[in-house]
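Work through the exercises below with the sequence and the structure side by side, and try each task before reading its solution.

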Amino acid sequence: MKKTVLALRCIDKWFHDQQVLDHIDFDVNEGEFLTLLGPSGCGKSTLLRLIAGFDVPTSGQILINGKDVSRVPPNHRHVNMVFQNYALFPHMTVFENIAFGLRCQRLPSADIQDRVDRVLQMVKLENLKARKPHQLSGGQQQRVAIARAAVNEPLVLLLDEPMSALDHALRKNMQLELKTLQRRLGLTFVMVTHNQEEALSMSDRVVVMSHGKVEQIGPPRVIYEHPNNLYVAQFIGETNVFETEVLAVDGNNVTVNIEDHQFVFKTRVALELHQKISVLLRPEDLRSWDNSEVDDTKDMISAVVEQVVYKGSIVDLVLRTDKGTKLSATQFFDEDDENLDFRLGEHVWVEWPFGWEIILPHEA
Amino acid sequence: MYGSNGRLVGRLYCPMKRDGFFRQCSIVIIFAWLLFFALLPFILVLAGSFLTGSEHEFLSWHFTLQNYADLFQLLYLRIFLRSFYLAGITAIICLILAYPFAYIMSRFSESARLFWMLILIIPFWTNSLMRIYSIIIVIRVKGWLNGFLLWAGLIHQPLHLMYTQTASLIGLVYTLLPFMILPLYANLEKFNWTLLDAARDLGAKQLRRLFKIVIPLTLPGIIAGMLLVLLPAMTIFYVPDILGGAKSLLLGNLIKNQFIEAYNWPLGCAVSVMLTIVMVLMIAFYWKMTTPKERRELM
């Protein structure tokens with residue numbers, strides 16, 4: 001059983017008459033990398049500020065190691081934050097930046113020297129400790145910011161969009177590095193991001209938020225493969241959605257009509273006859289064949305190629321079904337299918353491995 | 001850096017980049033102006049400080065260093081020291097008053113800032129001599145200040161402020177306060193307030209945040225403000241003239257007296273040159289204490 005280090009209990013937050021957080025309730029385990037993911041304005045940054053102690057929840061409790069800290073000031077929480085643009089002190093050297101928190105605790109200077117040096121080693125910045133922040137690259141600044149927070153050995157380290165100040169090429173590298181660093185430091189990370197790729201690739205668990213509510217919590221793979229609802233499915237990655245209804249129910253099997261074809265799907269959720277549902281398919285689950293490659297087209301959907309985007313190892317297709325539905329399909333170069341030479345206007349047959357579709361009740 | 005949003009319209013090359021002729025004309029005119037009305041007079045003063053004066057002429061062509069030697073008389077040294085002292089006190093009082101004001105103003109919303117800026121600037125649309133005279137109404141024996149203090153029971157005898165050093169000080173602080181506020185505000189307006197959140201997050205209490213973060217980062221503004229107050233404080237002769245009477249003679253008064261009353265132009269020139277040297281030293285100090293980026297941000 002993992003130890004809970006941070007627990008949020010029924011947190012509501014109102015700014016004047018506007019509710020920004022609605023009943024937030026989840027636990028963070030020790031040593032976990034948890035990501036709060038959502039579009040801007042979903043309340044994820046507010047939640048982070050509440051955990052950090054810069055703001056107070058309207059109601060609810062924040063427990064750190066079992067102790068209610070909802071109204072405890074930031075410096076008494078054993079929580080530290082990495083700010084969006086790092087907020088490094090521009091007039092101090094890297095060393096002084098990192099030592100700042102320890103100096104506030106009035107530790108003996110030998111201890112400070114020791115601990116700062118140890119953290120500098122961990123973030124691999126020993127050689128740069130005499131530099132000022134403006135003499136560092138974006139990635140180095142990020143590491144200083146993490147070191148400055150980590151040196152205080154917080155129970156939870158909070159990161160507010162730590163990648164947003166970096167350029168695109170650097171971001172990929174830093175994602176890996178941040179994950180490695182988190183393991184090396186052995187700290188609990190709670191990160192805020194609006195970038196779903198970042199969330200999926202770094203986190204142990206992702207909290208998907210929208211409009212101040214938690215939509216789903218789970219490991220990246222569960223979030224991606226078994227989204228709770230249409231919002232999560234569409235926010236995380238691209239999705240093709242077929243709106244349809246249940247034509248027949250037989251135990252766990254339901255019969256539905258998609259693009260004038262009858263399909264029988266297994267379902268986990270109980271569905272009623274004539275219930276409206278959405279059938280979701282990820283672009284990478286769709287396979288497209290040209291006329292010469294198929295014999296039996298009974299379970300395939302007929303479509304026309306509208307757009308071909310070649311991306312090296314994959315090809316993204318935009319297809320239009322006979323009924324006019326637009327589909328995205330990603331095709332991989334592999335041994336099974338070397339013929340990825342799609343032309344605009346070409347007719348194709350689309351299928352997917354049965355069982356890979358996601359069935360959700362229809363949402364208005 | 002922020003040329004795109006048009007904030008730096010004042011910078012010469014920015015709005016006129018394409019208009020080569022207009023640009024060159026403006027530069028030539030400004031240079032000519034400075035040449036004739038600043039550099040040339042200064043050279044005359046510099047030359048005058050090495051000449052002798054006589055009863056018939058203001059200046060006569062006899063080279064001498066006597067004027068500078070005269071400056072080292074106790075009388076003049078005292079005036080120098082008193083000027084520095086008074087200007088220093090003025091600058092410090094201005095700093096103490098201006099810092100909280102600029103700090104609070106920079107945390108206001110955009111429209112509130114404009115309002116307070118306007119409040120600050122409106123008095124400057126009035127002639128400064130007039131404003132100094134109006135201070136008399138406030139601080140004289142039967143003035144508003146004494147009236148208020150007596151009414152409030154804080155004092156039992158009216159204060160005799162007029163024609164004292166205190167009166168000069170009040171006048172100097174009043175006149176020069178905005179010169180402290182403006183550079184501080186320019187500095188604080190660009191202050192990254194997240195830094196204070198970061199410091200708080202790391203456990204810094206209020207005083208540490210102020211002394212380790214805010215003040216070091218606004219040091220360019222503080223130094224610029226000190227200069228902008230110190231330099232004029234030593235030279236605005238009309239403030240001590242009107243409010244301080246004859247009792248607080250400052251460098252500005254000394255220079256004025258040498259030219260207008262004592263008709264000792266060479267000595268007046270020498271005092272002026274000394275003052276210029278002091279100013280150059282102070283500006284050099286400012287230059288050394290700040291980076292080009294910080295200076296640019298204050299302009």
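Helices (H or I, at least four residues) and strands (E, at least two) are runs in the DSSP assignment, numbered from the N terminus, and two strands count as paired if DSSP finds at least two bridges between them. The model is a predicted one, in which local features need pLDDT of at least 70 and side-chain atom pairs count only at pLDDT 80 or more, while totals for chains, interfaces and linings use all residues. Residues are numbered from 1 along each chain as its sequence is written, with chains lettered from A and ligands numbered from 1 in the order in which they are written.

**Exercise 1. Trace the open sheet of chain A and say which strands stand at its edges.**

Step 1. Four strands of chain A form the open sheet, in the order 2-1-4-5 and with antiparallel pairing. Strand 2 (18-29) and strand 5 (67-68) of chain A each have a single partner strand and therefore stand at the edges, with one side of each left without a neighbour in the sheet.

Step 2. Strand 1 (residues 4-15) of chain A is paired with strand 4 of chain A through five bridges in the antiparallel sense, and here A7(A) lies opposite L63(A) of strand 4.

Step 3. Strand 4 (residues 59-64) of chain A is in turn joined to strand 5 of chain A by two bridges, again antiparallel, with I64(A) having K67(A) of strand 5 as its bridge partner. The hairpin of these two strands has two residues between them, and N65(A) takes a positive phi near 50° there.

**Exercise 2. Describe the side of chain B that touches chain A.**

Step 1. Taking residues as in contact if their C-beta atoms, placed from the backbone, lie within 7 Å, 14 residues of chain B meet 17 residues of chain A.

Step 2. Helix 8 (194-201) and helix 9 (206-235) of chain B each supply at least two residues of this side, and helix 8 of chain B gives the most, with six residues.

**Exercise 3. Judge the predictor's confidence in chain B.**

Step 1. The pLDDT, which is the predictor's confidence in each residue from 0 to 100, averages 85 over chain B, where 91% of the residues score at least 70.

Step 2. Among the elements of chain B, helix 8 has the highest mean pLDDT (94) and helix 13 (residues 292-298) the lowest (69).

Step 3. For the complex, the predictor gives an ipTM of 0.81 and a pTM of 0.79.

Notes:
Contact = placed C-beta atoms within 7 Å.
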